[in-house]
Amino acid sequence: MSRANKVLPFLNWPRPDAALLRGEALAGLTVGLMVVPQGVAYAALAGMPLITGIYASLLPALIAVLFSSSVRLSVGPTALTCLLISASLSGLAEPGSAQWIALAVWLALLSGLLQIALGFARFGWLLNLVNSPVLMAFTQAAAVLIIASQLPALLGLGAWDSLAWPAQVHLPSLAFGLGSLGALVLARRWRPGFPTVLAVVVASAAISHFTGFEAGGGDVVGALPQGLPTPYLPGWPGWSVLGQLVLPTLVITLVSFLETASSAKVDSGQRGQRWDQDQDLIGQGLAKLASAFSGAFPTSSSFSRSALNLYAGARTGWATVFSVVVVLVALLVLTPLLRHVPMAVLASIVLVAILGLIKPRAFVHLWSVSRVEACIAGMTFAVTLLAAPRLYWGVLAGVLMALSHFLYLRLHPRIIEVGLHPDGSLRDRHLWLLPPLAPHLYALRMDAALDFATANGFERAIAEHIAAHPGTRHVMWIAHPINWIDATGAEAFGRLREHLEERHIDLHLVGIKLPVEAVLQRAGHLNAGPRLHLYRTEAEALRAAGALAPATA
């Protein structure tokens, strides 16, 4: 692949023919009809002018598909990212105000620039800092908060405190909300490929218009500006405000790209190709910049719309091009149809997209796999809820707890004394109640690298055994699990060898790997000596241990 094809992934697209374009047009139409109402609904969730949801579905989607390696993902507004935007800007400005819009644009700019920098630096591996349990817990907590934020509009309430005053419930809004929710849930189950969202929006707009819903006090979308978005340049917010956006920017960047990863891995698996996460970082970052200059907010990859794109038969990026054309036509021609759509209907659209994220059984399954990680997930869930609207504390708390657990495991490696199992393998002697390989022989295995994190535990295990068993004459180290050793590990090995030679104890090394052996050779710790024995295989070591038995008996 040439350098130009790597920098400009769209050059790798297949040359379109009539058959390909027909299939891609159908998939693009299916996704495009879903993007428009979802974009408007998610813009409301982000506290942005509703039209910006369509802006964020236009140029950003086109830029993303041109410069990303995963060409079948649907990029635009997503519920989780929009919730993070609303939570991040809460207290800094009034939702929907000019300052709020400017700050949302700054979030898109900062997040986009960060993703582009990470992509060019090939730092996509940083995504591994967030493990699956933390992301699962944060996503479910965010889903609960999204549902809570949409229920007042869905139920025809002005706010949550209206529950105490049933007379304030707007019954027509309640009917629109529950009716739309029921229709969307049923259609999602029975006709997943049908553009139900658009059908519900059009039907609700018609009913609202002919019944005088707005005149009766119902809350509707209202007039939306027509025409293409004009270039937008936000004003300088000041260093103090910009500093408050740094942490939200990091979390939005992380979470939005993890959303992309969940879809991209499915896409790459179906195509039988390796996922180029760094190129997707660049493409997604450029999409965020395009959204910012359109006066919109940070975008991400929608798992539901991407799944619909695959379900509709999309094979290349041409499907996204067609969906962008659909959104463009809707922006230029169809926005007046949205004027009479009740806000309760938009709330139902958000809720249906979010309900699939609520998976209590995931916590139960995680508990059966790892109780420590289940506790980390539970605390991440709780912190996210309690810290609302500052949701980023949930992610940060989860990441810190997961990294602390990882460091604890690295600093406390698994070191066992091995014995010969009846099946011929070397296993934990104390767990399986096995006899020692030979009298006065201590055979151990450490399932970790020998480095600065594990060297102390390795030395301590051997020293404690010798102190408890002063008759030990041989130490056999099953070294094949060791695939890495650093300077600290080499020093520890050198001290161990000196310690054993002072006590006239032989050291038997079994299965040492070439990279580890090379480091120890350069350090001068594998010099030949009467008390150092090297074996390439466990079979050789077992024969040697068998020969030691009569000699040490």
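Which residue of β7 is the bridge partner of Ile478? In this predicted model, the bridge partner of Ile478 in β7 is Val510. The pair belongs to the contact between β6 and β7, two parallel strands joined by five bridges. The briefing below starts from the open sheet, in which six strands follow the order β4-β3-β5-β6-β7-β8 with mixed pairing, and then turns to the helices, the nonpolar cores and the backbone.

**Sheet layout**

- The edge positions of the open sheet belong to β4 and β8; each has a single partner strand, so one side of each is left without a neighbour in the sheet.
- On average, and with direction ignored, neighbouring strands of this sheet are turned by 30° against each other.
- β5 (residues 441–446) pairs with β6 in the parallel sense over five bridges, and Leu441 has His474 of β6 as its bridge partner.
- β7 (residues 506–510) and β8 (residues 532–535) also run parallel, with four bridges between them.
- Within the pairing of β7 and β8, Val510 stands opposite Tyr535 of β8, and His508 has His533 as its bridge partner in β8.
- Val510 is thus named in two pairings: with Ile478 of β6 and with Tyr535 of β8.

**Strand β6**

- All of β6 (residues 474–478) is covered, since five of its five residues are buried.
- Both faces of β6 are lined by buried residues: His474, Met476 and Ile478 lie on one side, while Val475 and Trp477 lie on the other.
- Two residues of β6 that are buried on one side, His474 and Ile478, also appear in the bridges of the sheet: His474 is the partner of Leu441, and Ile478 is the partner of Val510.

**β-α-β crossovers and the helices across the sheet**

- A right-handed β-α-β unit is made by β5, helix α18 (residues 455–468) and β6.
- From β6 the chain crosses through helix α19 (residues 487–502) to β7, and this β-α-β crossover is right-handed.
- Between β7 and β8 the chain passes through helix α20 (residues 514–522), again in a right-handed β-α-β crossover.
- Helix α18 lies across β3 (415–420), β5 and β6, and runs at about 160° to β5.
- Helix α19 lies across β6, β7 and β8, and runs at about 140° to β7.

**Helices α11 and α12**

- The end C-alpha atoms of helix α11 (residues 277–293) are 24 Å apart, which agrees with the 24 Å that its 17 residues should span at 1.5 Å a residue.
- Helix α11 is mostly covered, with 14 of its 17 residues buried.
- Just after α11, Gly295 adopts a positive phi of about 80°.
- In helix α12 (residues 303–311), the buried residues are Arg305, Ser306, Leu308, Asn309 and Leu310.
- Just after α12, Gly313 has a positive phi of about 100°.

**Nonpolar cores**

- In soluble globular proteins, nonpolar side chains tend to be buried together.
- The largest nonpolar core holds 103 residues, of which Leu89, Phe297 and Leu346 touch the most other members.
- Leaving aside residues up to four places away in sequence, Leu346 touches Pro37, Val40, Ala41, Leu50, Val221 and Val341.
- A second, separate core has 29 residues, including Leu444, Ala461, Leu496 and Leu500.

**Backbone features in loops**

- The peptide bond from Ala388 to Pro389 is cis, with omega near 10°.
- Pro389 is placed in the loop between α16 (371–386) and α17 (392–411).
- Leu433 has a positive phi of about 55° although it is not a glycine, and its place is in the loop between β4 (426–428) and β5.
- His440, also not a glycine, has a positive phi of about 65° and is found in the loop between β4 and β5.
- Are these two residues of the loop buried or exposed? Leu433 is exposed, with a relative accessible area of 76%, whereas His440 counts as partly exposed at 41% relative accessibility.

Conventions. Residues are numbered from 1 along each chain as its sequence is written. This is a predicted model: local features need pLDDT of at least 70, side-chain atom pairs count only at pLDDT 80 or more; totals for chains, interfaces and linings use all residues. Side-chain values use heavy atoms; hydrogens and water are left out. Buried means under 20% relative accessible area, exposed over 50%, partly exposed in between (1.4 Å probe, protein chains only). Two strands pair if DSSP finds at least two bridges between them. A crossover is right-handed if, with the strands pointing away from the viewer, the path from the first strand over the helix to the second runs clockwise. The expected span of a helix is 1.5 Å times one less than its number of residues. A nonpolar core is a set of buried Ala, Val, Leu, Ile, Met, Phe, Trp, Tyr and Cys residues joined through side-chain atoms within 4.5 Å. Contact means heavy atoms within 4.5 Å. Axes are lines fitted to C-alpha atoms, for helices over the stretch in contact, and angles run from 0 to 180 degrees between N-to-C directions.
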